[in-house]
Amino acid sequence: MKNCEYQQIDPRALRTSTTRTSTNKNVRVRRKWEVFPGNNRFYCDGRIMLARQCGVLPLTIGLIFITSGLFFIFDCPFLVHNLTFFIPVIGGVLFVFVVITLFQTSFIDPGILPRALPDEAADIEKQIDNSGSSTYRPPPRTKEILINDQVVKLKYCFTCKMFRPPRTSHCSLCDNCVERFDHHCPWVGNCVGKRNYRFFYAFIVSLSFLTSFIFGCVITHLTLRSQSMNGIIQAIKESPASVVELVICFFSIWSILGLSGFHTYLVASNLTTNEDIKGSWSSKRGEESGNPYTYNNIFTNCCVVLCGPMPPSLLDRRGFLLPDDAPQIVTSDTELPHFVAKNDTNMVVRARLEERGITVRDVRLNGSAASHVLHQDTGLGYKDLDLIFGVSLSDDQAFRVVKDVVLDSLLDFLPEGVSKERISALTLKEAYVQKLVKVCNDNDRWSLISLSNNTGKNVELKFVDSLRRQFEFSVDSFQIALDSLLLFDRCSETPMSECFHPTVLGESMYGNFEEALGHLCNKVIATRNPEEIRGGGLLKYCHLLVRGFRPTSETEMKSLQRYMCSRFFIDFPDIGEQQRKLEAYLQNHFAGMEHKRYDCLVTLYHVVNESTVCLMGHERRQTLNLISMLALRVLAEQNTIPTVTNVTCYYQPAPYVRDINFNNYYIAHVQPLVHTCSRSYPTWLPCN
């Protein structure tokens with residue numbers, strides 16, 4: 001046989017990471033299942049595990065027991081008396097086999113892989129950073145290996161912090177990576193994977209036999225009874241439970257037989273449901289690639305899938321978890337303390353960079369925060385505290401030093417009383433680092449690390465060697481040099497006051513400081529070289545329009561909108577990328593002003609609808625539908641009706657209701673965000 005499977009990891013060499021730490025030495029020693037990070041429920045002290053969403057499993061058990069119980073009570077006595085006593089024996093054997101295989105499928109570990117420990121995850125992250133290209137955002141998250149002379153990609157799991165082994169997939173319901181993942185089955189209340197697939201297959205096959213057997217016996221019972229009583233109606237009256245069994249079996253047998261046949265095909269081909277649906281080894285992906293795991297023999301495939309040795313569980317669920325062995329990792333349930341605001345935050349980062357051999361030329365306040373300092377009455381506000389460190393990033397080593405220095409400095413920003421020894425660098429990164437960006441090409445060499453507590457404004461540390469364009473519009477093109485403020489305490493013993501303070505220098509990357517400041521004060525939208533603005537500039541433009549800013553002229557506005565729409569679709573060509581970008585922008589830039597989200601989306605709809613050129617019609621309509629969907633979602637979240645005529649959220653009675661009791665309903669018409677055009681769009685829109 002071909003060696004398709006990878007070698008199992010010794011479970012004794014693995015430790016399950018936890019989500020919390022205990023500083024009290026007198027707390028009882030817990031078992032590892034009590035702090036398991038996945039969405040699973042454990043019973044019998046960890047011996048039984050189920051998915052958290054297992055509400056359909058009781059229905060499965062109830063249908064099997066009710067149907068079989070009615071069969072043994074009402075049908076078997078008649079059939080034993082008139083035919084043979086082997087009928088209840090065969091039915092009993094099938095029933096017991098079905099129940100045993102169902103419980104084995106539902107209650108055992110399907111093949112969950114333990115999540116990486118903090119040290120292991122940090123090592124993998126370092127390998128990714130070192131193996132990436134010079135221009136990546138984010139770093140590459142795939143590896144390629146050869147299996148039977150065929151390239152197979154291993155994907156990185158952001159939740160489990162590891163590269164998934166071949167045929168492994170992350171179940172979104174259980175929140176676990178499952179080895180040889182087939183599918184998540186709600187009927188058995190568990191994932192179906194490498195360790196329980198044979199039991200699942202035995203369950204559906206035996207259930208199909210049991211259902212067919214009961215269905216045939218019930219029909220035989222009613223037929224014989226109707227012959228002896230001269231009518232089927234009389235037979236049903238004598239045995240009404242048989243009708244219940246007949247209905248349940250009739251509506252169940254087709255799906256069960258179809259599912260059994262489908263999985264028989266998968267077993268014979270050594271495929272999984274996940275691979276078959278995605279078309280991983282077919283021509284669906286545009287290239288001919290055979291299944292590297294098949295043995296090209298039906299019998300061999302069946303033996304490997306169903307009769308191979310039972311792999312051990314890699315989860316030591318009932319192992320004891322000592323407090324000292326509980327590394328703290330970040331999950332959705334973990335809440336770490338907020339940062340303490342310090343005046344010397346910049347100095348800490350600057351000093352540590354210089355200790356590592358990286359000279360900081362200057363530190364500047366950039367963007368909307370600088371604009372807010374210069375003129376606070378524009379209503380523009382600011383979301384991020386954007387700080388630019390002028391440094392030299394000559395090679396990849398310099399980028400890594402910058403990243404390590406910032407992550408190490410995070411410990412100094414935590415409040416007193418926090419056990420810093422128990423918090424790893426990976427924990428800090430997961431809890432506080434919202435975004436990591438590295439750009440390294442001929443024109444741009446810079447790195448961005450965005451820090452956030454998810455409560456208030458972010459702190460964005462941008463380390464710039466060279467940056468071709470540092471602004472989008474003139475109103476956010478300002479930079480304020482902070483060196484004189486940061487070094488004031490070192491140079492003067494007199495405390496800073498309104499009458500005694502250093503002089504700071506402000507400048508505009510727009511080119512003309514006075515002109516840019518006039519745009520800011522008068523709420524004017526202006527820029528230079530709009531073709532260089534990246535795709536996110538379209539959202540910033542709509543944001544400015546909502547805040548009351550306006551372009552200088554109608555002609556300039558149309559030209560600017562065409563440039564930004566084109567760049568938006570270049571940078572975000574996929575509808576999924578567009579949705580993620582829009583959702584993230586609404587979430588980050590409208591904190592505390594949720595009522596403005598709808599206005600921003602309506603403005604974006606009109607801009608895209610009016611200014612998109614050189615784009616296929618169906619792609620534009622797809623984006624417009626996405627914006628409309630997000631706008632309606634925003635209204636639903638706010639639970640408010642805006643004072644406009646194009647949206648209605650009132651109840652509307654069904655068309656057949658004519659009772660006067662329903663006259664208190666207000667029936668209003670729902671219209672799209674823009675008037676629907678009677679003509680259809682051409683395949684390509686005209687290009688100006």
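**Exercise 1. Find where UniProt places the feature "transmembrane region", and describe the chain over residues 80-103 and 199-224.**

Step 1. The UniProt record, an unreviewed entry, places this feature at residues 56-74, 80-103 and 199-224; such annotations may be inferred rather than shown by experiment. The model itself is predicted, with local features needing pLDDT of at least 70 and side-chain atom pairs counting only at pLDDT 80 or more, while totals for chains, interfaces and linings use all residues. Residues are numbered from 1 along each chain as its sequence is written, and side-chain values use heavy atoms, with hydrogens and water left out.

Step 2. Helices (H or I, at least four residues) and strands (E, at least two) are DSSP runs, numbered from the N terminus. Over residues 80-103 the chain is 88% helix and 0% strand, with its end C-alpha atoms 30 Å apart. Over residues 199-224 the helix share is 100% and the strand share 0%, and 37 Å separates the end C-alpha atoms.

**Exercise 2. Determine at what angle helix H4 and helix H6 pack, and which kinds of residue form their contact.**

Step 1. Helix H4 (residues 197-229) and helix H6 (residues 240-269) pack at about 145°, their axes being 8 Å apart; axes are lines fitted to C-alpha atoms over the stretch in contact, and angles run from 0 to 180 degrees between N-to-C directions.

Step 2. The residues of the contact of H4 with H6 divide into 20 nonpolar, eight polar and one charged, where Ala, Val, Leu, Ile, Met, Phe, Trp, Tyr, Cys and Pro count as nonpolar, Asp, Glu, Lys and Arg as charged, and the others, Gly among them, as polar.

**Exercise 3. Explain why the pair Phe 85 and Phe 86 is stacked and the pair Tyr 197 and Phe 200 is tilted.**

Step 1. Rings of Phe, Tyr and Trp (its six-membered ring) pair if their centres lie within 6.5 Å, and planes under 30 degrees apart count as stacked, over 60 as edge-to-face and the rest as tilted. The structure holds 21 such aromatic pairs.

Step 2. The rings of Phe 85 and Phe 86 have centres 4.4 Å apart and planes at 25°, so this pair is stacked.

Step 3. For Tyr 197 and Phe 200 the centres are 6.4 Å apart and the planes stand at 40°, so the pair is tilted. Both residues lie in helix H4, three residues apart, about one turn of the helix.
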